[in-house]
Amino acid sequence: MYSRRHFLKLTGLLGLIPLAARGQIELPEEDNDQHAKSMVFPEDRIAFVQGATDAHSTLLSILVHKKTQPNIKIMDMFFQTVPFTAVRKNFGLDEDFVVYQIFLDGLRLGEDYAIMVSDPLYSDVKIRYFRTLDLNNKNTKIALLSCTNHRNAGPKSTMFRKLFRSQPDVIFYNGDLVYGNSSLDTYLNRPAKIQDAYKIYIKTLLEFELYSQKNLIPIFAAWDDHDLAYNNSDVTHPYKDFYLDLFRSIFSADSRVKAVSQGPGSSFSIEAFGLQIFFFDTRFFKNKKKEIFLGQNQLDWMKKELAKSALPKMLVLSQQLLYYSFIAESYERNARKEFNEFISAIKNLQQPTLFVTGDVHYSQIQHVSESLVGYKTYEITSSAMFSGSAGRFGKRKESDGQIAYYGYPNFVTLEQIKTDADSIEMHINCISEYSDKQFSKTIKVDI
Ligand SMILES: [Fe+2]
């Protein structure tokens, strides 16, 4: 039997095969985005994403150039080939890069696996390592992040370095993973052209260190408007089905991974780390005019799922729960009646529930008063790993219940999670460009 070190070393030797010359691909002239125009994509690059994962199965996605016929091989620590299924996704576009979605089952918890993608055209082989995820382990460190904008990417490398150094077991990526629409699209209140948005997906995957790191980290993702390439988008988005397919082909979360219970749109729930965790879809059914936020189907699904588990709850929404500012979208602001229905479902449960949100380009821990759900709880907002910054805009007084705040590039970690039937306790650490403890608090929800 080989040790982990041995395994990494031996498989690593395969990566020493010399690289061929790199090619470059330019975006079409008509692309309206100045920044996007300057993008070049080396053809021999491959991006890797590990999506939803449980103890024995995982979903991986790779992005490769269309000219190549990738040879995918997966090995365990004994150099035994591991079977998998791979599907080349077809989005109906003439794309420079294509996505393969890979599913593996029957894996062993705690072991390393290597995925090798060889590319005969460029005589190259890329190797990445991955593991499955122990969902029963309460000692898990969750990195909670949102909003990674390639147009505001100054702190990108620093922030990803900080992310890797914080050694999370899993990432909860809460919306705006990809900024698919340009500022002009936002200004003109229109969706981006699908072809342009797809190029931004490629750029993001090829340029973000997160998707080229050696050791993959499972990502559980919810989406937000920029992932759909349409600022403040809702049910009227003409291409929303296309984006649902695209987003979930890359940031996978479906019930092939048995721990995942799929809901309407992109929503899903999992039981993990002593919690029942919901990742809601706040875009596919949202209707600003009709004051719909999650939509009745998703609400009904939530109520059914909530009743299935006695575990305390963590509810992940890409937009904020409470109405703090007239500028930001929020559940309370956009759909007051539906918000009341959502809150009473939580109140009726009498199980400790924590709210986790993103979107607003600041991070905070906000006290949610007893009058809302019958016990004191919190809304934890983690936003803008790198994008525009709210600065001091979202800062409120501690007497307003905001017990921690940071308005510049950051993400938070959720650590030392302790749960039982009546309580949730965890440590929340905010990591910025300048400090690994930008704020640091222990919270406890007690019913
Ligand atoms: Fe954002």
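In this predicted model, the side chains of Arg-283 and Asp-224 come together in a salt bridge, with 2.6 Å from N to O. Arg-283 sits in the loop between β13 (275-279) and α7 (296-308), while Asp-224 belongs to the loop between β10 (219-222) and α6 (240-250), so the contact ties together parts that are 59 residues apart in sequence. Neither partner has much contact with the outside: Arg-283 is buried at a relative accessible area of 0%, and Asp-224 is buried at 1%.

Arg-283 also has a salt bridge to Asp-225, this one at 3.8 Å from N to O. Here again the pair links the loop between β10 and α6, which holds Asp-225, to the loop between β13 and α7, which holds Arg-283, so parts that are 58 residues apart in sequence are tied together. Asp-225 and Arg-283 are both buried.

For contrast in setting, take the salt bridge between the side chains of Lys-444 and Asp-446, at 3.8 Å from N to O. Lys-444 is partly exposed, with a relative accessible area of 40%, and Asp-446 also counts as partly exposed, at 43% relative accessibility. Back at the buried arginine, salt bridges with shared partners join Asp-224, Asp-225, Arg-283, Lys-286 and Glu-329 into one network. The full tally for the model is 20 salt bridges. As a general point, side chains of opposite charge can pair when their charged atoms come close.

Charge turns up next to an aromatic ring as well. Lys-240 lies over the face of Phe-284, at 5.0 Å from the ring centre.

Turning to the rings themselves, the count comes to 27 aromatic pairs. One of them joins Phe-160 and Phe-386 in an edge-to-face arrangement, with 5.6 Å centre to centre and 80 degrees between the planes. Phe-160 is part of helix α3 (residues 156-165) and Phe-386 is in the loop between β17 (377-381) and β18 (402-406), so this pair ties together parts that are 226 residues apart in sequence. Both Phe-160 and Phe-386 are buried. A further pair is made by Tyr-331 and Phe-339: their ring centres are 5.7 Å apart and their planes stand at 75 degrees, so this pair is edge-to-face. Tyr-331 and Phe-339 are both buried too.

Phe-160 and Phe-386 are also members of an aromatic cluster, whose other members are Phe-164, Phe-208, Tyr-211, Trp-223, Phe-247 and Phe-251.

Some nonpolar side chains end up at the surface instead. Tyr-323, Phe-326, Ile-327 and Phe-393 make a nonpolar surface patch of about 490 Å². Within this patch, Phe-326 comes from the loop between β14 (313-316) and α8 (331-334). Phe-326 counts as exposed because its relative accessibility is 60%, and the cut-off for exposed is over 50%.

On the strand side, eight strands build an open sheet with mixed pairing, in the order β11-β12-β13-β14-β15-β17-β16-β18. Its edges are β11 (261-262) and β18, each of which pairs on one side only. Inside that order, β13 and β14 run parallel and are joined by four bridges. Gln-276 has Lys-313 in β14 as its bridge partner. The loops mentioned earlier hang off these same elements: Arg-283 is in the loop that follows β13 and leads to α7, and Phe-326 is in the loop between β14 and α8.

Elsewhere, strand β6 (residues 113-119) has six of its seven residues buried, so the rest of the structure largely encloses it. What does β6 pair with, and in which direction do the partners run? Strand β3 (residues 71-75) is joined to β6 by five bridges, and the two run antiparallel. In this pairing, Ile-72 stands opposite Val-117 in β6. Strand β7 (residues 124-130) is likewise antiparallel to β6, with seven bridges between them. There, Ser-118 stands opposite Val-125 in β7.

Note on methods: Residues are numbered from 1 along each chain as its sequence is written. This is a predicted model: local features need pLDDT of at least 70, side-chain atom pairs count only at pLDDT 80 or more; totals for chains, interfaces and linings use all residues. Side-chain values use heavy atoms; hydrogens and water are left out. A salt bridge is a side-chain nitrogen of Lys or Arg within 4 Å of a carboxyl oxygen of Asp or Glu. Buried means under 20% relative accessible area, exposed over 50%, partly exposed in between (1.4 Å probe, protein chains only). Patches are made of residues with over 30% relative accessible area and no salt bridge: like charges are joined within 9 Å, nonpolar side chains (Val, Leu, Ile, Met, Phe, Trp, Tyr) within 5 Å. Accessible areas come from the Shrake-Rupley method with a 1.4 Å probe; for residues, only the protein chains shown count as cover. Rings of Phe, Tyr and Trp (its six-membered ring) pair if their centres lie within 6.5 Å; planes under 30 degrees apart count as stacked, over 60 as edge-to-face and the rest as tilted. A charge sits over a ring if NZ of Lys or CZ of Arg is within 6 Å of the ring centre and within 35 degrees of the ring normal. Two strands pair if DSSP finds at least two bridges between them.
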